[in-house]
Structures are given as structure tokens and as C-alpha cells.
Amino acid sequence: MSLLIKGGTIVTASDTYVGDLYVDGETIHSIGTSLDVAADRTLDATGKLVIPGGIDVHTHLDMPFGGSSSVDDFQTGTIAAAFGGTTSIVDFAIQEFGNPLQQAYDTWQEKARGKAAIDYGFHMIMREVDDAILKEMGAMVDLGVTSFKLFMAYPGVFFIDDGAIFKAMQRSGEIGATICMHAENGLVIDALVEQALKQGHTEPRYHALTRPPRAEAEATHRAIALAEMANVPVYIVHLSAAEALAELTAARDRGLPAFAETCPQYLFLDYTNYTEPGFEGAKYVMSPPLRDKSGQDELWRGLRGNDLQAISTDHCPFCFNDAGGKLLGRGDFSKIPNGAPGIETRMALVFDGGVATGRISVNRWVELTSASPAKIFGMFPKKGTLAPGSDADIVIFDPNGESVISASSHHMNVDYNPYEGRRVRGISETVISRGEVIIEGGSFLGRPGRGQFMQRDSRFVGEELPWDTTSNT
Ligand code: URP
Ligand code: ZN
Ligand code: ZN
């Protein structure tokens, strides 16, 4: 099957020009200002943006958590992602206590098999770090799982101590892997939660009040310091607070290889959402929590100036009205399952709130949502750009189209949308995954199970390497 996409404005992280793009099979064959080639199908992209498919490097599909399970599986979650212009995800496999990483890898492959509609990869969450696990990290890299998430939060669930983090970081340096850090001081947070509950504070907003920005900033500082001592890069996930960004900026100003993502919820929602009437605030319970609106300009500064390198979603949906969802925490905010949906809305929200408002350029939008995550997580240039030889993961995006976000029309398997009623500019009109049109005319035309596992490289591609990588080998 061949496709000719004609007359669109081709946008990558670095270029913007009007041109034609010819897809032969699963990859991009050629790009030119006016291609004269016969194709099985021609798509007219006049007046539209032609961009590389979005890459969301932080999702939790079918994830057991807090006595519940996230409600999008690999089928519903990846179809929703496709509707939103995302053609690749990296989800988190979770090591069980006492079990090898291989078991988590196998479990997550099983979850995805026959279901994933777009390409997918895995990070590995490590809950224990001993000699056997440190050794096994190398086997994971050989399988294409080249990043590992560690938690400084959730004592008793995911938390591991600084010594274990340090050892995992040293090992990541040996094998060229990336450590992704959930940076919040979980021990302090648990103390604050206990005190709040003792005082009878049970409402959702106490989730935010017991997870102060300084708990994130302190952990961010510590994560970077540990990485500096281990002489490895570190990637901070779901950075939310301006105070944490200041730590990252200071480290980068010193030339350290510290990287971070933020998420749309930290750019477009804020603490006041927790004060919505009744139990509504539970919809926004996630960790780190939503912050004061005043910090959002700082996040945009970070995104513009490359102190933040990526925007992911941390998609982790729990229903609002289900007994096994957010309602678990009625009467005790600490029992509300942490997480919110967003896999479908990322590209349009960031286009609308970033590009259409002039906060970032259209190229930076592509960079933050596709090119840069592809580089950091070993997918570039197969993914993350439009170039001959790259996978034909392409979105024809209408910058003038508008939609109103709503749970009544979204495709995520969750009964609310945190952005309910928000009007956004920009629609992912036609979505192509490895040469196959999977979204067109508002319909999903793909097939669950067509998504392929991405065996990722164990090195940054195309990123500057300001640190001495040889000292780890
Ligand atoms: O609240 C969140 N973020 N839930 C998902 C788990 C995590 O820490 O990323
Ligand atoms: Zn996390
Ligand atoms: Zn997460």
C-alpha cells in the first residue's frame, strides 16, 4: 500500500514547509515540494499540518494501583490515543515484590498482545533492587526496555531508598539505560497525610495540601544529586511544581544531564480544581498534585527554553462513579486512587494552549510531544520525525478545527474528563500508523493488536551528551 499526502504544511521539530510526502508500505519513502508519483491513495492536506505522530512516554494502561486498576486497557487506551494524534506510547511494566523483572515484562506483553492499536514500548518500574535485579537490568535492555522508573514516593508500595536508587543509577550508566524518577519525598508526605487524617481532614483537597511543592523540589534535588554522584543522566517524570523546575534549571545550568517532562494537567488545571463542590475534587487526585496557577508561567518558560524536554500524559484513569474507582476515597482522601485520564487530549491541549496562544512555536510543539521523547527514549529517527526511512507515523492536523472536550464524546474508557467543556483549537483529523490510516472521518479504522512492540535503543540519539559517558564503562 502506498500513500501520497499532498500539499500539507510539513512540520518537524526543526522545519516548516509546504510539501508532499510519499509513503511506501510502513515507512516514509520521499518528501518533496511537488512529488509526481503514483500512489494507491492520495490524501489532500492543503491547509493542514502534517506532523510526526505523537509519542506519549508516560501511560499506565491496565495498571493495578491503590486497590483498583486503571480502567483503560491496551485496546481502549491505544485507540483513544490514536484519536488524539498519538501513534506510540511507552507504558510502565511493574515488578512484583520478590519476582524478577522478566515476569513483569511478560505480564505487560500479555496485557498488550492482541489489544494495542498503536506501537508501544515499556519502561520497567523496579520496587526492589538487589544484585540479581541489578544484573537483570541488562537483560531488560537487551529486550528493548531501556528505561527504569524508581519511586521516592509511596512508602510500602513503590518507594525505594537512596542507596538502592544510587545502585540502580550506577548500573544504568553501565548499560546505557535511563532512570526515570518519581520525585516526591514520600516519607514526609506520609507523615503529613497521617497528621491531616488525625485532624479530621478527609476531603480531596488534602491530597494536595499533604504533598507540598517543596516535597517535590527536595526529591528532585536529591535525584539529581544522586545521578551526579553516579555520573549518569536522570529523567524526572511528571514534574509539576515551579520549585522543582528551579532545581532542574539550576542543575542544567551547571551542565548536568538532568531532564524532565511535565504533563498537560500541570499546565491547564490547578489547585482550585480540588475545591470543586462535593467529592468532585477526587477527579484531580494524582501525584504530584495540581499546583497553584501562579507556577504555570514558569513551566511554560521551562518548556520554551528546554529546561523541560517533553510533555507526556501520565494517563492513569479511574472512574469517578465506580465503587472501585475514585469513590474508594470518599471519607479518606488518602484512599482515592491516584491518577487521571489524558492520553487522548494531549496533542490538542498543548496545541491550543501552547501554539495557538503563542507560548511555543509549532516546531517546539512537535519537539515536546514527539521528537524529543523519541530521542530521550531511544526511538529516534524511526519515530519522532518525518524523514525518508522513518516509520510512516503521521498526523494530518487541522489547526483551524475546533472541538469541545467531553466525557460524552471522548474514547477513553472513563466516566469523566478533567477538561470537560473546554474548547480547543486543533484536531487530529487523519492518523497514520506505519503507513496504515487508522483514524479518518472521526472513525477508528485500525485493528486492535496491530500495534507492534518497540524495542528501544539504549542511548540518547541526537541529544547532546554533555557528560563523560566513558567513565562508566
Ligand atoms: O497519580 C499518578 N501519577 N498515578 C500514576 C502513578 C505514577 O506515579 O505515575
Ligand atoms: Zn509517578
Ligand atoms: Zn505515572
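This section describes the domain arrangement, the metal site, the salt bridges and selected backbone features of a predicted model.

The domain assignment divides the protein chain into two domains. Domain 1 is made of two segments, 2-51 and 386-444, whereas domain 2 is given as 53-376. Between the C-alpha centres of domain 1 and domain 2 the distance is 27 Å. On the domain 1 side, 39 residues are in contact with domain 2, and 49 residues of domain 2 take part in these contacts.

The size of an interface is often given as the accessible area lost when the parts come together. For domain 1 and domain 2 the buried area is about 3,500 Å², with carbon and sulfur atoms giving 64% of it. Of the area that domain 1 buries against domain 2, 20% is supplied by Met412, Tyr416 and Tyr419, and no other three residues supply more.

Polar interactions across the boundary were also counted. Two salt bridges were found between domain 1 and domain 2, together with 15 residue pairs in polar contact, counted where both residues have pLDDT 80 or more. Five elements each give two or more residues to the side of domain 1 that touches domain 2: β5 (49-52), β16 (394-404), β17 (423-433), β18 (436-440) and β19 (443-444). Strand β17 provides the largest share of this side, with seven residues. Sorted by class, the side of domain 1 that touches domain 2 comprises 20 nonpolar, 11 polar and eight charged residues.

The zinc ion (ligand 2) has three protein donors, namely Lys149 through NZ, His182 through ND1 and His238 through NE2, lying 2.1 Å from the ion. Along the chain, the donors of this zinc ion follow the spacing K-x32-H-x55-H. The two histidines belong to distant parts of the chain and are 56 residues apart. His182 lies in strand β12 (residues 178-182), and His238 lies in the loop between β13 (234-236) and α8 (242-253). The zinc ion (ligand 2) and the zinc ion (ligand 3) are separated by 3.9 Å.

Over the whole structure, the search returned 31 salt bridges. One pair joins Lys111 to Asp62, with 3.7 Å between the closest N and O atoms. This pair links distant parts of the chain, 49 residues apart: Lys111 is in helix α2 (residues 101-112), and Asp62 is in the loop between β6 (54-59) and β7 (64-65). Another salt bridge is formed by Arg434 and Asp119, and here the closest N and O atoms are 2.8 Å apart.

The surroundings of Asp62 were examined further. With residues up to four places away in sequence left out, Asp62 touches Ser69, Ser70, Asp72, Asp73, Trp108 and Lys111. The salt-bridge partner Lys111 is thus listed among the residues that Asp62 touches. From Asp62 to Gly138 the C-alpha to C-alpha distance is 26 Å, at a sequence separation of 76 residues.

Several backbone features lie in loops. The peptide bond from Ser287 to Pro288 is cis, with omega near -5°, and Pro288 is placed in the loop between α9 (264-268) and α10 (296-305). A cis peptide bond also runs from Phe380 to Pro381, where omega is near 0°. Pro381 lies in the loop between α12 (362-376) and β16. Asn231, a residue other than glycine, has a positive phi, near 60°, and is located in the loop between α7 (213-230) and β13.

Technical notes:
Residues numbered from 1 in each chain as written. Chains lettered and ligands numbered in written order. Predicted model: local features only at pLDDT ≥ 70, side-chain atom pairs only at ≥ 80, totals over all residues. Heavy atoms only, no water. Domains from an automatic or database assignment. Contact = heavy atoms within 4.5 Å. Buried area = accessible area lost by both parts, 1.4 Å probe. Salt bridge = Lys/Arg side-chain N within 4 Å of Asp/Glu carboxyl O. Polar contact = N/O pair within 3.5 Å; in protein donor to acceptor, adjacent residues only side chain to side chain. Helix = DSSP H or I, 4+ residues; strand = E, 2+ residues; numbered from the N terminus. Nonpolar A, V, L, I, M, F, W, Y, C, P; charged D, E, K, R; others polar. Donors = N, O, S within 2.8 Å, 3.2 Å for Na, K, Ca; no water.
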